[in-house]
Amino acid sequence: MKKEGKKLKEKVLKPVEKEAVVVSDDEAVGSESEHESVESPVVSDYENFPEGDDDRNSDSELDSGSGSEESEFSEDEDAEHQSNDGGLSDGVDNLDQGDQSASEDSREVVDESDSSEDEVGPRNTIGDVPLVWYKEEEHIGYDVAGKKIKKKERLDKLDSFLARTDDANSWRKIMDDIEDEEVELTKEETKLIRRMLKGKAPHADFDPHAPYVDWFAWDGAKHPLSNAPEPKRRFIPSKWESKKVVKYIRAIRKGLIKFDKPKEEPRFYNLWGDETEESRHGLSYIPAPKAKLPGHDESYNPSLEYIPTQEEINAYQLMFEEDRPKFIPKRFTSLRSVPAYEKSVRESFDRCLDLYLCPRARKKRINIDPESLKPKLPSRKDLKPYPTTCYLEYKGHKGPVVSICTDPAGQHIASGSHDGTVRIWEVETGRCIKIWELGEPVQHVAWNPLPEFPILAVSMGQDVFVLNTGLEKENKTIADLLRVETIPAPDDSESAGSSVSWSQYDKYEGIRIKHFKTVSSVEWHRKGDYFSTLTQRLPFKLHGLPVCSTFHPTRSIFFVSTKKNVRVYDLLKKKFIKKLEAGVREISSVSIHPGGDNVIVGSKDGKLCWFDMDLSSKPYKILKSHPKDITSVAFHRNYPLFASSSDDCTAYVFHGMVYSDLNQNPLIVPLEILHGHTSVNGRGVLDCKFHPRQPWLFTAGADAVIKLFCH
């Protein structure tokens, strides 16, 4: 019985000798006797699964009676019964027990469910993020609820070795770095891993040499598919492939084909080194600008032309410190006689401050054709009519003509000059039909917008004259309007509170309005029943001196311009509405579009600002057209035109189309530059006005000439 048990024992343990456990060097701590006392070997990774023959290890395992579990998962026993975990103590009895345990294990495997409902999702939800990023953190990731997953305490190498020695199933356990937990492999998983390491199919049921199933139906076939012999080229190596291989080898040797070398991350880096941009991660590295190299003037023996004279040195002392030269050249006979530079420490300190404090930014330059950046504007031929040439000149004034204005019908034009006269001209003939000699320089003239009341308002000094032009002689209503009843002289208290006084001007059948301050401009309301005068004393609170004023063309809104901004007031509610900030040096003139939603502002630094009141209080567009001060701006009543005049003796005509669609921005196109006036005492064109019905432009210059430009 003992011999038969021995034979059975050798037959059962034969595959175990082929799959003996290989113990690593770290685990071979003791001597052979100590090694025999270890019940089960320790494997650190699943790559070191037992494959080779080791008679000594197998004998020690059999003598110890612990029973190696490798014998349970050997390849030869996949189709047979599995052995018992307890080992083999008696031959036949242990085999019976092994059969029972194998049947129980097989039943447990069958009872396991492959349903996807039993699968549990990963606890850590970081995905494919490298775990190196969490190396210095206290957590390993985040769970489904977004909470941090704390890292578990790891045992040191000695404690982990002792723990694996005491645990018989330690060779099955692997560490899941993502979940930060220890996972024990099942028997089926160890079988799959062992088969894959040997280059076999993971599942034992797979038959790589299954019988061929012929899909062709040979029954009744009279002729074969092909009876041609195999060609010789199928048995000879291809010479073209060998030539291609030789070609690649030569290209590699010559360096034409280069292989990317794996990047090695340096363990240490130079803290004070100057790294290049390729090796730097994160923010882009911008090298510091180099210091300026010394020139000829900083030589110890410069030429005489670089050495300043004593007068120049004295002149340096009168200059500001920013404009004063940093270094004054001196001449020495030899380099040995050059003293130490007294500002070396200071300049080195300033250089360090510049490198440390001054930010450096990288600007990306793009090669773009400048012509492509220009907006595509319509052709000027499609925007006609607009004034282009000088058609007529009105001469007669002896001083600069500062203001002009046309009547509502467009048949006459009034002009005021510094020679103290106001003239009325016929537009088509250029004939002067009336002259008023007022004796003081005229500042502004304004025609009443109602055709049935040809009344002219003139401002000069502290007076405003409302005059009857006499163009409608049979109209007695005008004479009644321009008659003021005699008012008794007011007391001193009343005169102190009143800023104007009305009186009859019998010399020219008009009204004289005396103001407390100098009147700079006069503007009529669209209905012709009100007019405004601009002085330094206004009922509104202004943050600055007033420059000009105008009425809204359709609503009861009043615009008052200061040197920096334009303030908008509601006359009915008597309150402030909006402030238009031009952002220019000083505003000189303002004009309102006939629609009432757009405003143009001229400034004394040559800029013309277009405001869209529905869009913003900032300029929609700023046109830098004139090199000198803009004196006047004007809109046309019927045509999409606006113009600006300047002291550079020119007038610019623009196309300004305002669309009814609020989503479409206004179209601004420069059309023409009108010349013809001459400069007098640095002044050019002082005023410009459009004809009320035709696309004509009137300009008044400092050369005492009025010009009419037609299309």
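The following paragraphs describe the fold, the charged pairs, the cysteines, a pocket and the unusual backbone geometry of a predicted model.

The protein comprises 711 residues, of which 32% count as buried, and its secondary structure amounts to twelve helices and 31 strands. Among contacts in the protein with a separation of 6 or more, 49% are made by residues that lie 24 or more positions apart.

Leucine 534 provides a local view of such packing. This residue belongs to strand S16, which spans residues 531-534, and with a relative accessibility of 1% leucine 534 counts as buried, since the limit for that class is under 20%. When neighbours within four places in sequence are set aside, the contacts of leucine 534 are with Thr518, Val519, Ser520 and Ser521, together with Pro546, Val547, Cys548 and Ser549. Between leucine 534 and valine 560, which are separated by 26 residues in sequence, the C-alpha to C-alpha distance is 8.9 Å.

Side chains of opposite charge can pair when their charged atoms come close. In the present model, 16 salt bridges are found. One of them joins glutamate 393 to lysine 707, with the closest N and O atoms 2.3 Å apart. Because glutamate 393 lies in strand S5 (residues 389-395) and lysine 707 in strand S31 (residues 705-710), this pair ties together parts of the protein that are 314 residues apart in sequence. The two partners are assigned to separate accessibility classes: glutamate 393 is partly exposed, at 33% relative accessibility, whereas lysine 707 is buried, with a relative accessible area of 5%.

A further salt bridge is formed between glutamate 581 and lysine 618, for which the N to O distance is 2.6 Å. This pair likewise links distant parts of the chain, with glutamate 581 placed in strand S20 (residues 575-581) and lysine 618 in the loop between strand S23 (607-612) and strand S24 (621-624), at a separation of 37 residues. Glutamate 581 counts as partly exposed, with 32% relative accessibility, and lysine 618 also counts as partly exposed, with 45%. Beyond individual pairs, salt bridges with shared partners join Glu393, Lys395 and Lys707 into one network. Another of the charged pairs consists of arginine 431 and glutamate 426, whose closest N and O atoms are 2.8 Å apart. Arginine 431 is partly exposed, with a relative accessible area of 47%, and glutamate 426 is partly exposed as well, with a relative accessible area of 22%.

In contrast to the salt bridges, zero disulfides are present in the structure. Cysteine 710 takes part in no disulfide, and the nearest cysteine sulfur, which belongs to cysteine 390, is 8.4 Å away; a disulfide would require the two sulfur atoms to lie within 2.5 Å. Cysteine 710 is buried, with a relative accessible area of 8%, and cysteine 609 is also buried, with a relative accessible area of 1%.

Rolling a probe the size of a water molecule over the atoms shows where empty space is left. The second largest pocket holds about 1500 Å³ of space, and 30 residues line this pocket, those nearest its centre being Lys326, Phe327, Tyr341, Lys343 and Glu347. Helix H9, which covers residues 344-357, gives the most to the lining, with five residues. By residue class, the lining of the second largest pocket contains 13 nonpolar, three polar and 14 charged residues.

Most residues other than glycine have a negative phi, and most peptide bonds are trans. Against this background, the peptide bond from lysine 384 to proline 385 is cis, with omega near 10°, and proline 385 is located in the loop between helix H10 (370-373) and S5. Positive phi values near 55° are found at two residues other than glycine, namely aspartate 180 and lysine 574. Aspartate 180 occupies the loop between strand S3 (173-176) and strand S4 (181-184), while lysine 574 is found in the loop between strand S19 (565-570) and S20. The surroundings of these residues fall into opposite classes, as aspartate 180 is buried, with a relative accessible area of 3%, whereas lysine 574 is exposed, with a relative accessible area of 72%.

Note on methods: Residues are numbered from 1 along each chain as its sequence is written. This is a predicted model: local features need pLDDT of at least 70, side-chain atom pairs count only at pLDDT 80 or more; totals for chains, interfaces and linings use all residues. Side-chain values use heavy atoms; hydrogens and water are left out. A salt bridge is a side-chain nitrogen of Lys or Arg within 4 Å of a carboxyl oxygen of Asp or Glu. Helices (H or I, at least four residues) and strands (E, at least two) are DSSP runs, numbered from the N terminus. Buried means under 20% relative accessible area, exposed over 50%, partly exposed in between (1.4 Å probe, protein chains only). Contact means heavy atoms within 4.5 Å. On a 1 Å grid over the protein atoms alone, a cavity is a set of points where a 1.4 Å probe fits but cannot get out, and a pocket is an open set with protein on both sides within 12 Å along at least five of seven lines; lining residues have an atom within 4 Å of a point. Grid points are joined across faces, edges and corners, and a volume is the space filled by probe spheres set on the points. Ala, Val, Leu, Ile, Met, Phe, Trp, Tyr, Cys and Pro count as nonpolar, Asp, Glu, Lys and Arg as charged, and the others, Gly among them, as polar.
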